[in-house]
Structures are given as C-alpha cells and as structure tokens.
Amino acid sequence: MSTTVTEERDPGLQPERTRLAWRRTTLSGTVTAVLAVKTALHGGPSASGVVACALVCVLWLGFLLLAHRRIRALATAETPSAIAPRHAMAAVLCTVAMAACGAALVF
C-alpha cells in the first residue's frame, strides 16, 4: 500500500521576479523602439526608414501586449500557469524581429 504525500509548493518570490523580468524586458524593448524611431528620422525621413520604424513600433506594441497579459496572469493567480507556447513564440519572434529592424536601421 503506497501513500502519496502531496506537498504544496511554495513559490516564494518567483512570480514577483518573473513579473519584474517581464517589466525590464518591456522597458528595454521600449528603449529599442525609441532609438529606432530616432535613428530612422535622423537626417530626414526616408521611405525605408519610415517602414522600418513603423515595423519596430508594431512589433513593440505586440510585445507590450504579450508582456502585459503575462504580467497580469502572474499578478492575479496564486499559482500562475506556464506561459502558452504560442505566446512564448510570439514574444521571441517580436524580440528578434525588433532587434533585426534596429540593427538594419543602424547599418
């Protein structure tokens, strides 16, 4: 006869640290978007610069939406669920694409 003992997991400060990490990442994405806009408009706007700037802004807004949803989920749930794979993939794609657009504006 086996007895299963279930211990409740104490998350400690992990949800708080994760919320803060999402906020820091959002802040760094905001800085990237602002610098991309500044770079695109420096010396007069060009067609490619405006397109890249608009793309960075759309990607930033997408990431901001995903981060806000995750921060809210972490804040409201006692035991937050894992992030959905499609949301994680969307966040990664937004971040990588934003970095690529920022790099394209610099070079």
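The following questions and answers concern a predicted model of one protein.

Q: What does the secondary structure of the protein come to, in helices and strands?
A: From the N terminus on, the elements run α-α-α. No strand interrupts this series, since the count of strands is zero. The secondary structure therefore comes to three helices and zero strands.

Q: In which helix is confidence highest?
A: The mean pLDDT of the protein is 83, and 90% of its residues reach 70 or more. Among the helices, confidence is lowest in α1, at a mean of 86. The highest mean, 88, belongs to α2.

Q: What percentage of the contacts with a separation of 6 or more is accounted for by residues 24 or more positions apart?
A: One pair with a long separation is M98 and T32, which are 66 residues apart along the chain and have C-alpha atoms separated by 7.8 Å. M98 and T32 also touch. For the protein, residues 24 or more positions apart account for 77% of the contacts with a separation of 6 or more.

Q: Which helix gives the most to the largest nonpolar core?
A: The largest nonpolar core has 18 residues, and those with the most contacts inside it are W22, V56, L59, F63, A91 and L105. Helices α1, α2 (47–76) and α3 (85–106) each supply at least two residues of this core. The most, nine residues, come from α2.

Q: Against which helices do the buried residues of α2 pack?
A: The buried residues of α2 include G49, A52, V56, L59 and F63, and further along L66, A67, I71 and L74. The list also holds an arginine, R70. These buried residues pack against α1 and α3.

Q: What span, from first C-alpha to last, does α2 reach?
A: Helix α2 has 30 residues. At 1.5 Å a residue, a span of 44 Å is expected. The span in the model is close to that expectation, at 44 Å.

Q: Is T26 buried or exposed?
A: T26 lies in helix α1, which covers residues 14–41. Beyond residues up to four places away in sequence, T26 touches W60, F63, L64 and A67. Its relative accessibility is 12%, and because the cut-off for burial is under 20%, T26 counts as buried.

Q: Which residue offers the backbone oxygen that the side chain of T26 reaches?
A: T26 is placed in helix α1. The side chain of T26 reaches a backbone oxygen at 2.8 Å. That oxygen belongs to W22.

Q: Which residue meets R19 in a salt bridge?
A: By the rule applied, the count comes to one salt bridge. R19 and its partner both lie in helix α1, three residues apart, about one turn of the helix. An α-helix has 3.6 residues a turn, so residues three or four places apart point the same way. The side chains meet at 2.2 Å, N to O, and the partner of R19 is E16.

Q: Is E16 buried, partly exposed or exposed?
A: R19, the other member of the salt bridge, is buried, with a relative accessible area of 16%. For E16 the relative accessible area is 32%. Because this value falls between the 20% and 50% cut-offs, E16 is partly exposed.

Q: The backbone oxygen of which residue lies 3.2 Å from a polar atom of the side chain of R19?
A: Leaving aside neighbours within four places in sequence, R19 is in contact with I71, L74 and A75. One of these residues has its backbone oxygen 3.2 Å from a polar atom of the R19 side chain. That residue is L74.

Q: What is the relative accessibility of M98?
A: M98 is found in helix α3. M98 touches G29, T32, V56, L59 and W60, not counting residues up to four places away in sequence. M98 counts as buried, because its relative accessibility is under 20%, at 5%.

Q: Is V34 buried or exposed?
A: V34 is found in helix α1. The C-alpha atoms of V34 and C57, 23 residues apart along the chain, are separated by 8.7 Å. The relative accessible area of V34 is 53%, and because this is over 50%, V34 is exposed.

Notes. Residues numbered from 1 in each chain as written. Predicted model: local features only at pLDDT ≥ 70, side-chain atom pairs only at ≥ 80, totals over all residues. Heavy atoms only, no water. Helix = DSSP H or I, 4+ residues; strand = E, 2+ residues; numbered from the N terminus. Buried < 20%, exposed > 50% of the residue type's maximum accessible area, 1.4 Å probe, protein only. Polar contact = N/O pair within 3.5 Å; in protein donor to acceptor, adjacent residues only side chain to side chain. Contact = heavy atoms within 4.5 Å. Core = buried A, V, L, I, M, F, W, Y, C linked by side-chain atoms within 4.5 Å. pLDDT = per-residue confidence, 0-100. Expected span 1.5 Å × (residues − 1). Salt bridge = Lys/Arg side-chain N within 4 Å of Asp/Glu carboxyl O.
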